[in-house]
Amino acid sequence: MAHHHEHDEEFWVDNRELILREDILERARELARLLATTEEVRLYQEAEKKIRENERVQGLIAQIKKKQKELVAFQTTFRNPQMAEKIEKEIEALQDELDGIPLVRQFQQSQVDVNYMLQSVVGIIRDTVAEIVDLEAARPTEPASRADA
């Protein structure tokens, strides 16, 4: 039993290498707080609040959730493909109605905008790290600069 415990400790020590440096984490949190102050995030929060407070939207969402549960029941428990197909069409119609509401479209667009912003920031970080790594890797192979050049 004690041997097993020792093994667990060894595993933990190996894993510690994966823990991110605190200064990097703090900078990441700073960046997150900064991103949270952007216009994209403000518009997302506004749209989300309007969606939460809109009775028609909430009613449609509730109906869709209810129908989805019914669908699962007819697919698995009752094994009734005809009924399942009928409910699928009803869900589709409700989803179309929901997607047709300008407020919902606004919310979806604001989600896309926030995701795009986050992906852009991650992309910049990834590309910059790759550039630095490539530069570092390229250095030793470059010809040494000659004093008489």
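Good morning. In this chain, 65% of the contacts with a separation of 6 or more join residues that are 24 or more positions apart. I should say at once that the model is predicted.

Let me begin with the overall architecture. The protein chain has 6 helices and 0 strands, and its order along the sequence reads α-α-α-α-α-α. Of its 149 residues, 17% are buried. The chain exposes about 12400 Å², and carbon and sulfur atoms account for 58% of that area.

I turn next to helix α6, which covers residues 102-138. With 37 residues at 1.5 Å a residue, α6 should span 54 Å, and the distance of 53 Å between its end C-alpha atoms agrees with that expectation. Which residues of α6 are buried? They are L103, V104, F107, S110, V114, M117, V121 and G123. These buried residues pack against α2, α3, α4 and α5.

S110 merits a closer look. This serine lies in helix α6 and counts as buried because its relative accessibility is 6%, under the 20% cut-off. Setting aside neighbours within four places in sequence, S110 is in contact with L43, Y44 and A47.

One of those partners, Y44, lies in helix α3. Is Y44 buried or partly exposed? At 25% relative accessibility, Y44 counts as partly exposed. Again leaving out neighbours within four places in sequence, Y44 is in contact with F107, S110, Q111 and V114. Y44 and D113 are separated by 69 residues in sequence, yet their C-alpha atoms are 8.5 Å apart in space.

Now to the nonpolar interior. In soluble globular proteins, nonpolar side chains tend to be buried together. The largest nonpolar core here has 16 residues, and those touching the most other members are V57, L98, I101 and V104. The elements that contribute two or more residues to this core are α3 (39-53), α4 (55-77), α5 (81-99) and α6. I101 is in contact with R56, V57 and L60, once neighbours within four places in sequence are left aside. There is also a second, separate core of 5 residues, with L35, V41, V114 and V121 among them. V114 is thus a member of that second core and also a contact of Y44.

Nonpolar residues appear on the surface as well. L31, L34, I125, V129 and V133 form a nonpolar patch there, with about 430 Å² of accessible area together. The elements giving two or more residues to this patch are α2 (22-35) and α6 (102-138), and α6 gives the most, with 3 residues. Consider V133, which lies in helix α6. Why can V133 belong to a surface patch? V133 is partly exposed, with a relative accessible area of 49%, and patch membership requires over 30%.

I come now to the charged side chains. Side chains of opposite charge can pair when their charged atoms come close. How many salt bridges does the structure hold? The count is 15. In one of them, the side chains of K86 and E90 meet at 2.7 Å, N to O. K86 and E90 are 4 residues apart in helix α5, so about one helical turn separates them. Both residues are partly exposed: K86 has a relative accessible area of 44%, and E90 has one of 24%.

Two further pairs may be mentioned. D127 forms a salt bridge with R126, with the closest N and O atoms 3.6 Å apart. D127 is partly exposed at 44% relative accessibility, whereas R126 counts as exposed at 54%. R139 forms a salt bridge with E136, with the closest N and O atoms 3.3 Å apart. Here R139 is exposed, with a relative accessible area of 52%, and E136 is partly exposed, with 47%. In addition, E22, E26, R29 and R33 are linked in a network of salt bridges.

One backbone detail remains. R79 has a positive phi of about 45° although it is not a glycine. Where does R79 lie? Its place is in the loop between α4 and α5. R79 is exposed, with a relative accessible area of 66%.

To close, I return to helix α6. Its buried residues pack against α2, α3, α4 and α5, and α6 also gives the most residues to the nonpolar surface patch. Thank you.

Terms used. Residues numbered from 1 in each chain as written. Predicted model: local features only at pLDDT ≥ 70, side-chain atom pairs only at ≥ 80, totals over all residues. Heavy atoms only, no water. Patch = residues over 30% accessible without salt bridge, like charges linked within 9 Å, V, L, I, M, F, W, Y side chains within 5 Å. Areas by Shrake-Rupley, 256 points an atom, 1.4 Å probe, with all protein chains shown as cover. Salt bridge = Lys/Arg side-chain N within 4 Å of Asp/Glu carboxyl O. Buried < 20%, exposed > 50% of the residue type's maximum accessible area, 1.4 Å probe, protein only. Core = buried A, V, L, I, M, F, W, Y, C linked by side-chain atoms within 4.5 Å. Contact = heavy atoms within 4.5 Å. Expected span 1.5 Å × (residues − 1).
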